[in-house]
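Got the viewer open? Let's take a walk through this one together, starting with a helix and the sheet it packs on.

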Amino acid sequence: MVDFGGWEMPINYGSQIEEHHAVRKDKGMFDVSHMTVVDLQGDDSEAFLLKLLPNDVRKLSNGKALYSTMLNKNGGVIDDLIVYKRGENNYRIVVNAATREKDLAWMEKQVESYNAQLQEKPELAMIAVQGPNAIEACLKVLPENISQQLSELNKFCAIDAENYFIGRTGYTGEDGVEIMIAEDDARKLWDDLANAGVQPCGLGARDTLRLEAGMHLYGQDMDENISPLECGLTWTIRKTDNDFIGADALQAIKDKGISKKMTGVVLSEKGILRHDQELIDENGPCGIITSGSFSPSAEVAIGMAIVNKDIGEDVKVQIRKKQLVVKLVKLPFVRNGQSNI
Amino acid sequence: MSYVPDNLKYTESHEWIEILDNGNIRVGITEHAQSALGDIVFVELPEEESYAAGDDCGVVESVKTASDIYAPISGTIVAVNDALEDSPELINESPYDDGWIFEMEIEDEDDLEDLLSSDEYKNSIEEDQDEDEDE
């Protein structure tokens with residue numbers, strides 16, 4: 001067990017690699033109750049989110065989810081999050097646990113000038129069930145009326161029933177759902193899913209799965225000192241009506257010329273890539289590994305890296321006293337069970 | 001409680017030491033250590049050269065973290081377990097046998113006295129666990 005944002009959580013239940021494969025090939029579940037859920041209601045909710053977030057919540061119809069960053073005035077990333085639209089001016093936002101306090105403080109401060117209210121939902125537990133056979137297992141375990149809705153649920157959409165909030169979303173690169181449910185009901189659901197053959201998985205497998213899927217981890221792959229334009233998150237920035245917090249700073253960065261980019265990295269030799277290792281090309285230091293590990297799917301070391309936009313052809317990574325050859329690749333490494341390496 | 005064979009010596013940093021018939025020592029990491037690391041996916045084997053007691057001489061990497069291996073006493077490494085290059089998981093599967101890491105010719109036999117007995121090592125990992133539970 002490790003401390004994670006004040007929550008005591010398992011890195012692995014058994015073999016981390018077996019947990020990883022369970023999600024890629026079959027089905028696994030994660031207790032992600034540490035995630036911070038915040039509901040937003042009030043007449044100005046949409047207007048507030050347009051100010052708070054660079055992505056465009058107007059794209060959302062009822063029951064749809066959107067990934068966004070949340071920026072400070074300098075264009076740095078305060079956090080990344082998912083926002084679900086539940087109805088007109090009625091939203092549910094899920095932010096990271098490790099950033100909970102600063103996120104809530106920032107959102108509360110920004111919402112002051114709007115007719116909208118934020119309400120944290122600490123009573124909700126969350127179970128992510130992920131893998132090609134995850135939904136099939138959920139259909140067996142959930143009440144019939146919920147199962148009926150789940151069988152028709154599209155990707156990146158949510159069921160908003162009385163006791164269940166179920167998004168067809170995740171952080172693994174596989175199909176699956178994230179189920180928000182009252183804490184007491186969550187224990188029974190976890191046991192029922194386990195009895196249906198769903199493998200409990202820890203934080204360790206969650207990290208290798210999201211890394212293979214090329215999904216960012218806040219605090220490693222981005223933070224308040226880098227803009228989304230320089231770490232592979234430009235796609236979360238809307239192009240029109242850009243009056244969101246941080247927009248001016250992003251424009252200034254664009255005008256000056258964007259000098260960095262996010263890339264995938266595969267180690268061509270034996271070893272393991274890790275957070276903070278330096279990359280070197282013909283001209284010297286050219287980037288930093290932001291997330292690195294062993295890929296259980298591809299059985300090589302992989303990483304995400306922020307590098308100079310004009311990075312050279314021959315790139316090496318400094319691991320302890322050695323410089324080892326790496327190959328730059330497009331993200332993701334793995335998606336829906338298929339390795340691109 | 002993980003398995004701690006009585007016939008071996010130990011270090012606080014979770015190496016085990018077997019004294020071979022020719023007076024050399026064979027070194028690996030304990031069952032407790034491999035279990036804490038989890039699935040081991042890479043071993044950077046030591047160079048066959050001289051080390052002082054406590055020098056880091058190699059690295060064991062699991063999916064979740066990298067952990068240094070230390071020379072338990074001063075001497076010269078004379079053999080490394082090449083099988084670990086392609087099968088690092090041998091350390092998980094057989095920490096005290098097939099998962100050995102290196103052999104060393106030692107400088108001074110008296111140094112062996114500084115190592116922990118199996119009982120002393122058992123106590124040291126129990127204390128670690130107690131501390132973890134207190135947190």
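Find H7 in chain A and look at what it lies across: strands S16 and S17 (300-308), with the helix running at about 125 degrees to S16. Keep in mind that this is a predicted model, so read everything below as computed from a prediction. Those two strands belong to a closed barrel of 6 strands in chain A, which you can trace in the order S14-S17-S16-S15-S18-S19, with antiparallel pairing. Going round this sheet, neighbouring strands are turned against each other by 40 degrees on average, ignoring direction.

For a close-up of the pairing, pick S18 (residues 315-319) and S19 (residues 322-329) of chain A: they run antiparallel and share 5 bridges. One facing pair to look for is A:Gln318, which stands opposite A:Gln323 in S19. Carry on past S19 and you get to a loop that leads to strand S20 (334-335), and A:Pro332 sits in that loop. The peptide bond between A:Leu331 and A:Pro332 is cis, with omega at about 0 degrees.

Now zoom out to chain A as a whole. It holds 8 helices and 21 strands, and its C-alpha trace spans about 60 × 50 × 35 Å along the principal axes. How does its radius of gyration fit with a compact globule? For 341 residues you'd expect a value near 20 Å, and chain A has 20 Å, so the two agree. Buried residues make up 44% of the chain. Of the contacts in chain A with a separation of 6 or more, 70% are between residues 24 or more positions apart.

The domain assignment splits chain A into domain 1 (2-212) and domain 2 (259-339). Their centres, taken over C-alpha atoms, are 29 Å apart. Where they touch, 12 residues come from domain 1 and 13 residues from domain 2. On the domain 1 side, helix H1 (16-25) and helix H7 (203-212) of chain A each supply at least two residues. H1 gives the largest share of that side, with 5 residues. By class, the domain 1 side divides into 3 nonpolar, 4 polar and 5 charged residues.

Which elements of chain A give two or more residues to the side that touches chain B? They are H1, H7 and strand S16 (284-295). So H7, the helix we began with, turns up here too, as well as on the side of domain 1 that touches domain 2. In total, 13 residues of chain A are in contact with 9 residues of chain B. The chain A side has 4 nonpolar, 7 polar and 2 charged residues.

Across that interface is chain B, with 4 helices and 9 strands. Following the sequence, you pass through β-β-β-α-β-β-β-β-β-α-α-β-α. Its C-alpha trace spans about 40 × 35 × 25 Å along the principal axes. The globule check works here as well: 135 residues call for a radius of gyration near 14 Å, and chain B has 14 Å, which agrees. In chain B, 41% of the residues count as buried. Among its contacts between residues at least 6 apart in sequence, 59% join residues at least 24 apart.

One residue to click on in chain B is B:Ile125, in helix H4 (residues 118-134). Is B:Ile125 buried or partly exposed? It has 19 other C-beta atoms within 10 Å, and a residue needs 20 or more to be buried, so B:Ile125 counts as partly exposed. The C-alpha atoms of B:Ile125 and B:His32 are separated by 8.1 Å, although these residues are 93 residues apart along the chain.

Back in chain A, two loop residues are good for a last stop. A:Asn89, in the loop between strand S6 (77-87) and strand S7 (90-95), has a positive phi near 50 degrees despite not being glycine. A:Asn89 counts as partly exposed because it has 18 C-beta neighbours inside 10 Å. A:Asp241 is another non-glycine residue with a positive phi near 50 degrees, and you'll find A:Asp241 in the loop between H7 and helix H8 (247-256). With 10 other C-beta atoms within 10 Å, A:Asp241 is exposed.

How values were computed: Residues numbered from 1 in each chain as written. Chains lettered and ligands numbered in written order. Predicted model: local features only at pLDDT ≥ 70, side-chain atom pairs only at ≥ 80, totals over all residues. Rg over C-alpha atoms; globule rule 2.2 N^0.38 Å. Buried ≥ 20, exposed ≤ 12 C-beta atoms within 10 Å, placed from the backbone. Contact = placed C-beta atoms within 7 Å. Domains from an automatic or database assignment. Nonpolar A, V, L, I, M, F, W, Y, C, P; charged D, E, K, R; others polar. Pairing = 2+ DSSP bridges. Axes fitted to C-alpha atoms, helices over the stretch in contact; angles between N-to-C directions.
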